[in-house]
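Here's a quick tour of side-chain pairings, packing and internal voids. Have the viewer open and follow along.

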Amino acid sequence: GCRTADAGECMVEAFVTRDHGAKWHKLVSPLGAGGCSFLRTDRLTKSHQNAVVCARHPSARNDGGNVLVSDDWFTRKQRTLIHNATDFAIMGEFLIVSQDANDGKALTMHVSLDGLSAAVAKFPGNKHTMDPAYTVLEPPEGFSYRDEAGNTQKMPGGGLMMHVTKSQHAGAEWGSIYSSNSNGTYYRQTLEYVNRDENGLVDFERIRALEGVAIANTVANPQAVLKQSKGKQLQSQITIDGGSRWHYLRVEGASPCHQTAPKSGDCALHLHGYTEVSDPENIYSATGAVGLLMGVGNIGASLKRIGEADTYLSTDGGATWKMVRKGPKWHEFGDHGALIVVADRLHPTTEVEYSLDQGKTWQSMKLPQEAHSMHIEFLTTTPDSTSRRFALYGRHGDKGVIVGLDFTGAQPRICKFDPLDEGKHANSDDFELFSPKPIDSREADECILGRKAQYYRRISDRQCYVGDEFRAVRYISSPCECTERDFECNYNFVRQNDNADDSDSLGKCVLVQGMQAPRTNCTAGHKDYFVIESAYRKIPQSICRKGLTLDAPREVWCPGKARTWY
């Protein structure tokens, strides 16, 4: 509402309806940044069924304020969760609230799992604040799976990841990615110099349908950018374990630079990322195309101009890549990955190309006469990439053109799917069980995050279409035994690789200089001993059992409490 005709006197108010819009009741006025949200979601399930969270700002400006929570629509009961908040967001199973600290020069981050209480996020060096420019990265999807007994299970939460800006100089914007423990409170730095742009967009993208997989671009020459005004040299890295470890992208076969640049980062595949795309949806992957990734980039020491890029495809979840088309292409998956469509993104064209066998062979489809020599600006399909219909948008002269692409007649029959086929080793249907492989293991190991995950997808060379009715199902065999790859460095620890020539070596976790391991104290609970946490913590998404134990804490007697045994 507005007190006067002056827009500066207006305030934002929140209303709620519980009878399909017949009546509306005021919740909070005036609102601050973040507005109001229903707190309970399909993943944030510990809050009250009717819980609503709102930001109230006393001066009616679009700033922060106090974050309030009510479970009776703000009629009688409400509580202040955080004072002096700057914003809030619901991400996955977490309510995240940022709070002003040090007169706007820093922020304190609060994390709540139920809307009743919140804990302060702690960063390396025992810091309770962080730089004010940050981006909470897209949380892992809430995956479900079927175990060997056929029961549906829910994956454990993957914690939180956030990008905190370390440099905001024009042309030299970057930051660090931090990942948390399972409840979002303790953070460790997992990747430095991650690229961002002047608008705060971060070169980070989670891979759809695969747990724990993401790709990020880092700045390889930060000092030269800052001190010598050089351009950024970007390198792409991939993680398969939720950010615990990162690897350069490997290309199938040998490339010319393998002889002159043995270090993997200087002879790797680097892809154009989130800060350069016009369509932020599904940059590299799609939920319906399990294990398939596609991107535009080049092999070498760093990312080059897009005019020097080619189009690459991975069919094994990002472990290895191969060039499938020369030049940079718009690309989209369809029919659950059984169809790939590409189009020239730099030059006017008269056709698009498509593949029905995961990029092994390609065919062309001519555009209609009125769209000949159009300059394509956009290629899209349904968000889950299960459809066989696509849309192109581009320019033909001074006119905008939209072209519909229909591939429903490209395959002669619908694929046969028998979920019992693999168990009988008959292999008589058109589907296979795909299992991602660890990037950092030379052994014949298929365990990632403590499990061997298997996904049904169409066999690449089968001449059939999957269709809209198919629903991908992920199966997980019995959890794997824990190995070193199921653990990451604990709070205040960093990984130190003493064997720099071995890119697969995990290295050991050592204390940050001047820091100490998390510990209890002798007064807590009046115990005779205090507990020092291990240098390692289990990766939140891992479900491994037994095997190696690296996260066991150490008990130490308090002064004067040690007992002598006779």
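## Around T185

Setting aside residues within four places in sequence, T185 touches A119, V120, A121, K122 and S180. Keep in mind that this is a predicted model, and the contacts here are read off its atoms.

T185 itself sits in the loop between strand 14 (172–180) and strand 15 (187–195). Buried or exposed for T185? With a relative accessible area of 9%, T185 is buried, because the cut-off for that label is under 20%.

## Salt bridges

How many salt bridges turn up in a search of the whole structure? The search finds 19. Three of them are worth zooming in on, along with one network.

Start with K77 and D71, a salt bridge whose closest N and O atoms are 3.4 Å apart. The two partners get different labels: K77 is partly exposed at 49% relative accessibility, while D71 is buried at 19%. Both values sit by a cut-off, since buried means under 20% and exposed means over 50%.

Next, D131 and K166 form a salt bridge, with 3.5 Å between the closest N and O atoms. D131 belongs to the loop between strand 9 (119–120) and strand 10 (134–136), and K166 to strand 13 (residues 161–169), so this pair ties together parts that are 35 residues apart in sequence. Here D131 counts as partly exposed, at 33% relative accessibility, and K166 is partly exposed too, at 43%.

Then there's E353 with R325, where the closest N and O atoms of the salt bridge are 2.7 Å apart. E353 is in strand 27 (residues 351–355) and R325 in strand 24 (residues 320–325), so the pair ties together parts 28 residues apart in sequence. E353 is buried, with a relative accessible area of 16%, whereas R325 comes out as partly exposed at 22%. Elsewhere, R188, E488 and R537 are joined into one network by salt bridges that share partners.

## Aromatic pairs

A pair of aromatic rings is described by the distance of the centres and the angle of the planes. The count of such pairs here is 12. Take F123 and Y178: the ring centres are 5.5 Å apart and the planes are at 85 degrees, so this pair is edge-to-face. The pair links distant parts of the chain, with F123 in the loop between strand 9 and strand 10 and Y178 in strand 14, 55 residues apart. Both F123 and Y178 are buried.

Another edge-to-face pair is F417 with Y456, at 5.0 Å centre to centre and 75 degrees between the planes. Again distant parts of the chain are linked: F417 lies in the loop between strand 31 (399–406) and strand 32 (431–434), Y456 in strand 33 (residues 453–458), 39 residues apart. F417 is partly exposed at 32% relative accessibility, but Y456 is buried at 5%. Ring pairs also link F417, F431, Y456 and F470 into a cluster.

## Cavities

Now for the voids. Rolling a probe the size of a water molecule over the atoms shows where empty space is left. A search of the whole structure turns up 10 cavities of 30 Å³ or more, and the largest has a volume of about 150 Å³.

Which residues lie nearest the centre of the largest cavity? They are E211, V213, P436, I448 and Y455, out of the 15 residues that line the cavity. As for chemistry, the lining of the largest cavity divides into 8 nonpolar, 1 polar and 6 charged residues.

## Around A371

One last stop: A371 is in the loop between strand 28 (363–366) and strand 29 (375–380). At 0% relative accessibility, A371 counts as buried.

What is A371 in contact with, once neighbours within four places in sequence are left aside? The answer is T349, H396, V401 and V403. On the backbone side, the C-alpha atoms of A371 and I402 are separated by 8.4 Å, with the two residues 31 apart along the chain.

Notes
Residues numbered from 1 in each chain as written. Predicted model: local features only at pLDDT ≥ 70, side-chain atom pairs only at ≥ 80, totals over all residues. Heavy atoms only, no water. Salt bridge = Lys/Arg side-chain N within 4 Å of Asp/Glu carboxyl O. Buried < 20%, exposed > 50% of the residue type's maximum accessible area, 1.4 Å probe, protein only. Helix = DSSP H or I, 4+ residues; strand = E, 2+ residues; numbered from the N terminus. Contact = heavy atoms within 4.5 Å. 1 Å grid on protein atoms, 1.4 Å probe; cavity = no way out; pocket = protein on both sides within 12 Å on 5 of 7 lines; lining within 4 Å. Points joined across faces, edges and corners; volume = space filled by probe spheres on them. Nonpolar A, V, L, I, M, F, W, Y, C, P; charged D, E, K, R; others polar. Phe/Tyr/Trp six-rings, centres within 6.5 Å; stacked < 30°, edge-to-face > 60°.
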